[in-house]
Amino acid sequence: ADVRAWSYLSLYFAEKLRGGTALQTYRVTGDASARQQAVEHLTKALEHWLLLAETTEAVYNEVPSVKLLYLDKPKRLSWRVLVPDVRNDIQIAANDPGPANSSR
């Protein structure tokens with residue numbers, strides 16, 4: 001499970017980096033295909049995250065949330081608890097206004 005978890009986490013980060021790069025390309029150039037690529041990469045990242053959650057919840061117990069201070073509820077932490085944050089990345093990319101309205 002540890003090897004599978006690290007593998008899914010690595011795949012997640014690879015797609016997240018690709019998505020972030022594509023989103024920034026869209027923000028700079030306005031090329032809508034770059035935004036679509038960002039959404040696609042971030043959707044793949046979510047798929048890897050869900051597999052990470054599935055793998056770890058089968059063998060590990062949730063732990064008290066002591067480091068993620070922004071996480072009020074639940075007070076217990078697992079990879080599954082963070083799925084909404086991973087999904088939010090997709091929404092950020094899909095709804096980004098692009099360079100004309102960007103303050104970046």
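Here is a short walk through a predicted model, one selection at a time.

**Stop 1: two helices.** Start by selecting residues 2-29, which is helix α1, and residues 83-94, which is helix α3. Two packed helices are described by the angle between their axes and the distance between the axes. Here the angle is about 20° and the axes sit 11 Å apart. That makes α1 roughly parallel to α3, since angles under 35 degrees count that way. The crossing of this pair is left-handed.

**Stop 2: where they touch.** Which residues make the contact? On α1, show Tyr12, Lys16, Leu23 and Arg27. On α3, show Val86, Asp89, Ile92 and Ala93. Try colouring them by class: you'll get five nonpolar residues, three charged ones and no polar ones.

**Stop 3: the rings.** Keep Tyr12 on screen and add Trp49. The whole structure has three aromatic pairs. In the pair of Tyr12 and Trp49, the ring centres are 4.7 Å apart and the planes meet at 65°, so this one is edge-to-face. Tyr12 belongs to helix α1 and Trp49 to helix α2 (residues 32-57), so the pair ties together parts that are 37 residues apart in sequence. Are these two buried or exposed? Both Tyr12 and Trp49 are buried. Now add Phe13 and Trp79, and you have one aromatic cluster made of Tyr12, Phe13, Trp49 and Trp79.

**Stop 4: a glycine.** Finally, go back to helix α1 and pick Gly20. Gly20 is partly exposed, with a relative accessible area of 36%. Draw a line from its C-alpha atom to that of Gln37: these residues are 17 apart along the chain, and the line should read 9.7 Å.

How values were computed. Residues are numbered from 1 along each chain as its sequence is written. This is a predicted model: local features need pLDDT of at least 70, side-chain atom pairs count only at pLDDT 80 or more; totals for chains, interfaces and linings use all residues. Side-chain values use heavy atoms; hydrogens and water are left out. Axes are lines fitted to C-alpha atoms, for helices over the stretch in contact, and angles run from 0 to 180 degrees between N-to-C directions. Helices (H or I, at least four residues) and strands (E, at least two) are DSSP runs, numbered from the N terminus. Angles under 35 degrees count as roughly parallel, over 145 as roughly antiparallel, 65 to 115 as roughly perpendicular and the rest as oblique. A crossing is left-handed if the near helix is turned anticlockwise from the far one by less than a right angle, and right-handed if clockwise. Contact means heavy atoms within 4.5 Å. Ala, Val, Leu, Ile, Met, Phe, Trp, Tyr, Cys and Pro count as nonpolar, Asp, Glu, Lys and Arg as charged, and the others, Gly among them, as polar. Buried means under 20% relative accessible area, exposed over 50%, partly exposed in between (1.4 Å probe, protein chains only). Rings of Phe, Tyr and Trp (its six-membered ring) pair if their centres lie within 6.5 Å; planes under 30 degrees apart count as stacked, over 60 as edge-to-face and the rest as tilted.
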